[in-house]
2 protein chains.
Amino acid sequence: MSGAPLFDKVVVFGVGLIGGSFALALKAAGQAGEIVGFGRTLGSLNQALQLGILDRVGFNVGQEVSSADLVLIATPVGKTAEIMARMAPCLGHQTVVTDGGSTKEDVVAAARMHFGNRIGQFVPAHPIAGAENSGVLAARADLYRDKQVVLTPLPENGPPHVARVRSAWECCGGLVRELTAAEHDRIFAAVSHLPHLLSFALVHELAKRDNRDVLFGFAASGFRDFTRIAASHPEMWRDICLANRTALLDELDRYRAQLDQLRDALQRGDGAALETTFDLARAARREWAERKRQE
Amino acid sequence: MSGAPLFDKVVVFGVGLIGGSFALALKAAGQAGEIVGFGRTLGSLNQALQLGILDRVGFNVGQEVSSADLVLIATPVGKTAEIMARMAPCLGHQTVVTDGGSTKEDVVAAARMHFGNRIGQFVPAHPIAGAENSGVLAARADLYRDKQVVLTPLPENGPPHVARVRSAWECCGGLVRELTAAEHDRIFAAVSHLPHLLSFALVHELAKRDNRDVLFGFAASGFRDFTRIAASHPEMWRDICLANRTALLDELDRYRAQLDQLRDALQRGDGAALETTFDLARAARREWAERKRQE
C-alpha cells in the first residue's frame, strides 16, 4: 500500500474482538497513521500494545478525540452513553465516529442525546462478524474480510461522513450495506438475536437437570452446531436482548406460535403437516446455503 | 486384516447413508465375506453395486436371510415392519439382526410383533452418526468411526447375540454403549429430536414471510450453525417425531416453559435473570465441548 493513509489518527474505545480487529485491519491495509486506544482494564490495554493493535494508550479523551480523524466505539453497550457524553464536546470538525454495536435503535437514541448538534458526525455501524470468543486475544486482522457490515446512516449525516465511515469498514475487508436502524433491528432480531435466545434456552433447560451428564454424554453433531452460539458472551447478549427488546419479543411470539402449530400437529399425529413444514424449511435452508456459496 | 471374516454373509436392507456406510465399513475391516443388499429402487441398488458397497443385489428375502450371519435393517422406519414380517419366518439359527433406527421403543414394539419367538435374535441399535445428507452417494466407510452406537438389548437376547451385534458395530469403528429403549428415547428426544424440531421451526417461520430474501440475506454464521439440522431429511424426521411422540411432546413442553420464563424476563427488562440463564448455558456448553475434545 503506498501513499498517505486514509486516516492519520484513529481512536478506538474498547480493544476487544471488535475494536482490536478493526485496529489490526486498518493497520494491515496501511490506512491508519496512529492508533490510540481506550479500555476498561490496564491488562487488556497492555496486551493490545504488545500485540501491535495499538500504538499508544490514551488517557485524555477530549485531547485524543479532538485531533482524531476516525473514532470507533466498541465498548460493551452499557458504556456507550458515557463515552459519547465525554467525547461529544471535544470532537474535531474533521472527526467521524462509528460504532460496532449489534443493535442500532438504542445506539442512535443514545447518540442523539449525547452528541447533540454534532450528531451528523456519527455514522452507526454493525459488522456481522460474531464469534463465540471475545476479548483482545481473539482480535485478528481478517475478522471482517468478506463479512457484511451494516451502516444505518442518519438523516443528519452528510454524504462525506457516510463515505468516510464506509471506506473505513471497506478497508477492513467488509462488504458494506445500508439499512435504517429500525430495519436493522427487526432483521437481526429474527436471524440472530432469536436464535441465540433459543440456543441459550435449550442448553439451560438441559443443564439444570439432575441427569445432565447422561444427556450431554449422548449429544452429538446436531446438538454441537445448534448450541454453538449458546457459548456466546452472556453480558453482551443480555445487553443485546434488552436493547432490542421490542423486536425480539415480537419475534419470540411469532416463533412460539409456530412451535404451537408443530406441537398440535405432533399431538394429533399429523405426519403430513410435520413433513410439509420440514420440507419447506429444508428447501429454504438449502437455497440459503447455495446462495452463500455463490457470494 | 487376516483370518476369516467375523460374518460370512451380511444382508443389508436399505443402501442409503446408514446401510451403505455399514456395508463399506465392514468390508474395509475385512469382516464381511459377502454383502447382499435389498432396496426400494433399482437405481440406488445399481449405484451401490457400482460403488462397491454390495457384492450382490438380493431378490428373495427368505432365501437370503436364512443363510445370513448378520442382517441390518436400515430402511426408512415406515418400511421396517413389513421387512421384519417377511424375514421372521426365514431367519437362520445363526442369524443375528440389528437396525439403525433413530428411535427404539417403536422398533422394539414392531419387532416383538413380527419376530415372535425369534425376537431374541434381534438386537436393536442406533448409530449416532447423523448427517444432513442421505442416500447411497453419501455412504462412506468411516461414517461410524469414533461415533457412539447405542444398543438397547432386550431381555430375550442371549449374551452371544448381543456380543455378535456389538462386534459388528465395533468393526465399523463405533463406540458401543448400552441403554434400555425407553432411556434411549427420552435422552434423544432431549438432545437430538427437540433441537431438530426447533431448527426446522425457525427456518420455516422465516421462510414463509414476504421479506424472506432480505432476512436470509443478513443471516450469518450463528444462523448457519443453528439451522444446519433444518436441512435434514423431512420424511425421516417426520417419522422420528411421530415414533417418539410422547417423549418429544414432553421435551417440547419443558422447553416452552423455559422459553416462557425467558420471555417474562425480557418483558420486564430483567437483565439479571437473562444473564444468569445465559451464563449457566455458556458454562455447560463449554464444559461439554471440553469433554468432547478430551474423548
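Which residues of chain A does the UniProt annotation "coiled-coil region" cover? The exercises below work on a predicted model.

**Exercise 1. Locate the annotated region and describe the chain there.**

Step 1. The UniProt record, an unreviewed entry, places the "coiled-coil region" at residues 245–272 of chain A.

Step 2. Over residues 245–272 of chain A, the chain is 89% helix and 0% strand. The end C-alpha atoms of this stretch are 35 Å apart.

**Exercise 2. Check the length of helix α11 of chain B, then find what its buried residues pack against.**

Step 1. Helix α11 of chain B runs over residues 245–267, which makes 23 residues. At 1.5 Å a residue the expected span is 33 Å, and the end C-alpha atoms are 32 Å apart, so the two values agree.

Step 2. The buried residues of α11(B) include Leu248(B), Leu252(B), Tyr255(B), Leu259(B), Leu262(B) and Leu266(B). An α-helix has 3.6 residues a turn, so residues three or four places apart point the same way.

Step 3. In chain A, the buried residues of α11(B) pack against α7, α10 and α11. In chain B, they pack against α7, α10 and α12.

Step 4. After α11(B) comes Gly269(B), with a positive phi near 65°.

**Exercise 3. Do the same for helix α5 of chain B.**

Step 1. Helix α5 of chain B covers residues 105–115, and its buried residues include Val107(B), Val108(B), Ala111(B), His114(B) and Phe115(B).

Step 2. Among the elements of chain B that cover these buried residues are α4, β5, β6, α7 and α10.

Step 3. Gly116(B), just after α5(B), has a positive phi of about 55°.

**Exercise 4. Describe the contact between the chains and state how the copies are related.**

Step 1. Chain A contributes 71 residues to the contact and chain B contributes 71 residues. On the side of chain A, the elements giving two or more residues are α7, α8, α9, α10, α11 and α12. Of these, α7(A) gives the most, with 18 residues.

Step 2. By type, the side of chain A that touches chain B has 42 nonpolar, 15 polar and 14 charged residues.

Step 3. A turn of 180° with a shift of 0.0 Å along the axis lays chain A on chain B with an RMSD of 0.0 Å. The two copies are therefore related as by a two-fold rotation axis. Phe226(A) has the C-alpha nearest the axis in chain A, 2.1 Å from it.

Step 4. Because 100% of the interface residues of chain A are also interface residues in chain B, the copies meet through the same surface.

**Exercise 5. Place Leu26(A) and Leu70(B) among their contacts.**

Step 1. The largest nonpolar core has 200 residues, and Val12(A), Leu26(A), Val12(B) and Leu26(B) touch the most other members.

Step 2. Beyond four places in sequence, the contacts of Leu26(A) include Phe7(A), Val10(A), Ala168(A) and Cys171(A).

Step 3. Leu70(B) lies in strand β4 of chain B. With 25 other C-beta atoms within 10 Å, Leu70(B) is buried. Not counting residues up to four places away in sequence, Leu70(B) touches Phe7(B), Val10(B), Val96(B) and Ala168(B).

**Exercise 6. Is Asp146(A) buried or exposed, and what is its phi?**

Step 1. Asp146(A) is not a glycine, yet its phi is positive, about 60°.

Step 2. Asp146(A) sits in the loop between β6 (125–127) and β7 (148–151) of chain A.

Step 3. Asp146(A) has 10 other C-beta atoms within 10 Å; the cut-off for exposed is 12 or fewer, so Asp146(A) is exposed.

Technical notes. Residues numbered from 1 in each chain as written. Chains lettered and ligands numbered in written order. Predicted model: local features only at pLDDT ≥ 70, side-chain atom pairs only at ≥ 80, totals over all residues. Helix = DSSP H or I, 4+ residues; strand = E, 2+ residues; numbered from the N terminus. Expected span 1.5 Å × (residues − 1). Buried ≥ 20, exposed ≤ 12 C-beta atoms within 10 Å, placed from the backbone. Contact = placed C-beta atoms within 7 Å. UniProt positions renumbered as here; feature names shortened; annotations may be inferred. Nonpolar A, V, L, I, M, F, W, Y, C, P; charged D, E, K, R; others polar. Least-squares fit on C-alpha atoms with pLDDT ≥ 70 in both. Core = buried A, V, L, I, M, F, W, Y, C linked by C-beta atoms within 7 Å.
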